[in-house]
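The following exercises concern the strands, the helices and one chosen residue. Please examine the sequence and the model before reading each solution.

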Amino acid sequence: MPRAIRGVLIHCEPAIKSIIVHLDSVNNDIIIEDLDEQTLVVKENMVQLLKQKLEDRLKETYRPEEPLADSD
């Protein structure tokens, strides 16, 4: 008998999707279905963990611009 898995549809930019796919590649416990370049179905119970991991990953890569020094 088939089993159903509760999922959440996520539509995002391809760069964010590639991060999600990379995070899933470790344990294969996040993504249910990869639909297209910008759309995934992920396990409902993994959404909060995924948000936290994405936030952490984006903090690692984001570097705020430093103000330019005056050349007076």
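Contact means that heavy atoms lie within 4.5 Å. The model is predicted: local features need pLDDT of at least 70, side-chain atom pairs count only at pLDDT 80 or more, and totals for chains, interfaces and linings use all residues. Residues are numbered from 1 along each chain as its sequence is written, and side-chain values use heavy atoms, leaving out hydrogens and water.

**Exercise 1.** Describe the surroundings of Arg57.

*Solution.* Step 1: Arg57 belongs to helix H2, residues 47-61; helices (H or I, at least four residues) and strands (E, at least two) are DSSP runs, numbered from the N terminus. Step 2: leaving aside residues up to four places away in sequence, Arg57 touches Ile19, His22 and Leu23. Step 3: Ile19 is 38 residues from Arg57 along the chain, yet their C-alpha atoms are separated by 8.2 Å.

**Exercise 2.** Determine whether Arg57 is buried, partly exposed or exposed.

*Solution.* Step 1: buried means under 20% relative accessible area, exposed over 50%, and partly exposed in between (1.4 Å probe, protein chains only). Step 2: Arg57 has 24% relative accessibility, and therefore counts as partly exposed.

**Exercise 3.** Establish the strand order of the sheet and identify its edges.

*Solution.* Step 1: two strands pair if DSSP finds at least two bridges between them. Step 2: the open sheet has three strands in the order E1-E3-E2, paired antiparallel. Step 3: E1 (7-11) and E2 (31-36) each have a single partner strand, so one side of each lacks a neighbour in the sheet. Step 4: E2 and E3 (residues 39-43) are joined by four bridges, and Asp36 stands opposite Thr39 in E3.
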